Amino acid sequence: MSATRSSRPKVLMVSSMPEWDLAPMREAYDLIDLPADGPSGLASAADIAALVTSGGKGADAALIEALPALALITVYGVGYDKVDLDAASRCNVAVTNTPDVLTNDVADMALALTLALSRRIVDGDTLVRSGAWSEKSMPLTGSISGRKIGIVGLGRIGEAIANRFVGFDTEIGYWNRSPKPLSSWRAFPTPATLAAWADILVVAVAGGNDTVGLVNAETIVALGRDGLLINISRGTTIDEAALIAALESGTIAGAGLDVFLNEPAIDRRFLSLGNVVLSPHQGSATVATRRAMGELVRANLAAHFAGETLPTTVLHRHR
Ligand code: 8YV
């Protein structure tokens, strides 16, 4: 049975979710969309008890501080780098995310980008559709097997990517901030030394202040003229200006990117590069994974309003 209109807690939707989540959420909560001009245009700001946001939109200090009754931020995504955790802690707001359920699909996206880039799948599709197959031939492309794969960030997603590449008869190396003593793969002391060894560098490290520009100009150059760079983490983790310069000058061979700075208004120089495969942040965007992510968001909301332990907590309330 649905709650009466007046008793339903007010939940602010900073980002939308599929109808299969919104329908059951409307039964339990009064869902309010964040106005385009921000929280100042919100008549019910004082009564918002929880908010739902995405990895890309997050929740900044201004938003958190504008909602005095806010007690929960639930992120529809694993990355919470755009949530101001200091502000959330100061305002005694819990934060949850959706880990694990998206690991496989995001890892698959890293492999899909690697294959699309090295085998020039998009160029091949364009050639066939143009009707010019009989007149033009494709250049020969690069193999994956036998190559050295460097994973930057051997967390849950990085490890899933490495395991998939093992099936392609590759050699795996990695850089991780903390040691991974149980890993049998080769550890490197810095992203740059890993890049100098690798043929394909895959960035899988979490976003946030600690990893801004982690893959810097030195690391990109170290990858070398035949090197490929894949990014499924966040646009912030790579020095994007250095990456574009390296792609324009042929300092590296190409890049497969699912994430960028300033999505969706990305740097337009990417659009004229022939050595990139560009994906509009689709890592977790499968029906099965988005359903599982939505279930976790709803489970966190339900647990919060029932006064129970939150299933996937990033930050607990402290009073
Ligand atoms: C989505 C993501 O972009 O999980 C993340 O951190 O980047 C993606 O799954 C997203 O948050 C869904 O809107």
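What follows is a walk through the ligand site, a pocket, a cavity and a few backbone oddities of this structure. Keep in mind that this is a predicted model, where local features need pLDDT of at least 70 and side-chain atom pairs count only at pLDDT 80 or more, while totals for chains, interfaces and linings use all residues. Residues are numbered from 1 along each chain as its sequence is written, and side-chain values use heavy atoms, with hydrogens and water left out.

Let's start with the ligand. Its neighbours are Ser54, Gly55, Tyr76, Gly77, Val78, Gly79, Leu102, Arg234, His281, Ser284, Arg290 and Met293, where a residue counts as near if one of its heavy atoms lies within 4 Å of the molecule. Sorted by class, that shell holds four nonpolar, six polar and two charged residues. (The classes run like this: Ala, Val, Leu, Ile, Met, Phe, Trp, Tyr, Cys and Pro are nonpolar, Asp, Glu, Lys and Arg are charged, and the others, Gly among them, are polar.)

Some of these neighbours come within polar-contact range, meaning a pair of N or O atoms within 3.5 Å; within protein, one must be able to donate a hydrogen and the other to accept it, and residues adjacent in sequence count only if both atoms are side-chain atoms. A ligand oxygen sits 2.6 Å from an N or O atom in the Ser284 side chain. For the side chain of Arg234, the distance from a ligand oxygen to an N or O atom is 2.7 Å. Gly79 joins in through its backbone, with one of its polar atoms 2.8 Å from an oxygen of the ligand. On its own the ligand has 330 Å² of accessible area, and the protein covers 87% of that; such areas come from the Shrake-Rupley method with a 1.4 Å probe, and for residues only the protein chains shown count as cover.

Next, the empty spaces. On a 1 Å grid over the protein atoms alone, a cavity is a set of points where a 1.4 Å probe fits but cannot get out, and a pocket is an open set with protein on both sides within 12 Å along at least five of seven lines; lining residues have an atom within 4 Å of a point. Grid points are joined across faces, edges and corners, and a volume is the space filled by probe spheres set on the points.

The second largest pocket holds about 360 Å³ of space. Of its 19 lining residues, Leu117, Ser118, Arg120, Leu228 and Ala253 lie nearest the centre. Helix α4 (103–118) is the biggest contributor to this lining, with three residues, and α4, α5 (121–130) and β12 (276–278) each supply at least two. (Helices are DSSP runs of H or I with at least four residues, strands are runs of E with at least two, and both are numbered from the N terminus.) The lining is made up of nine nonpolar, six polar and four charged residues.

There is one cavity of 30 Å³ or more. The largest cavity has about 40 Å³ of space, and its walls are Asn231, Gly235, Ile238, Glu240, Leu243, Leu257, Val259 and Phe270. Five of these are nonpolar, two polar and one charged.

Now for the backbone. Most residues other than glycine have a negative phi, and most peptide bonds are trans. Arg120, already met at the pocket, lies in the loop between α4 and α5 and has a positive phi near 50°. Asp100, in the loop between β5 and α4, also has a positive phi, about 70°. Arg120 counts as partly exposed because its relative accessibility is 32%; buried means under 20% relative accessible area, exposed over 50%, and partly exposed in between (1.4 Å probe, protein chains only). Asp100 is partly exposed too, at 49%. As for the peptide bonds, Glu263 and Pro264 are joined by a cis one, with omega about -5°, and Pro264 is in the loop between β11 (254–257) and β12.

Finally, two threonines. Thr96, in strand β5 (residues 94–96), is buried, since its relative accessible area is 0%. Its side chain makes a 2.9 Å polar contact with that of Thr74. Thr170 sits in the loop between α6 (156–166) and β7 (171–175) and is buried at 15% relative accessibility. The Thr170 side chain reaches the backbone oxygen of Phe165 at 2.7 Å.
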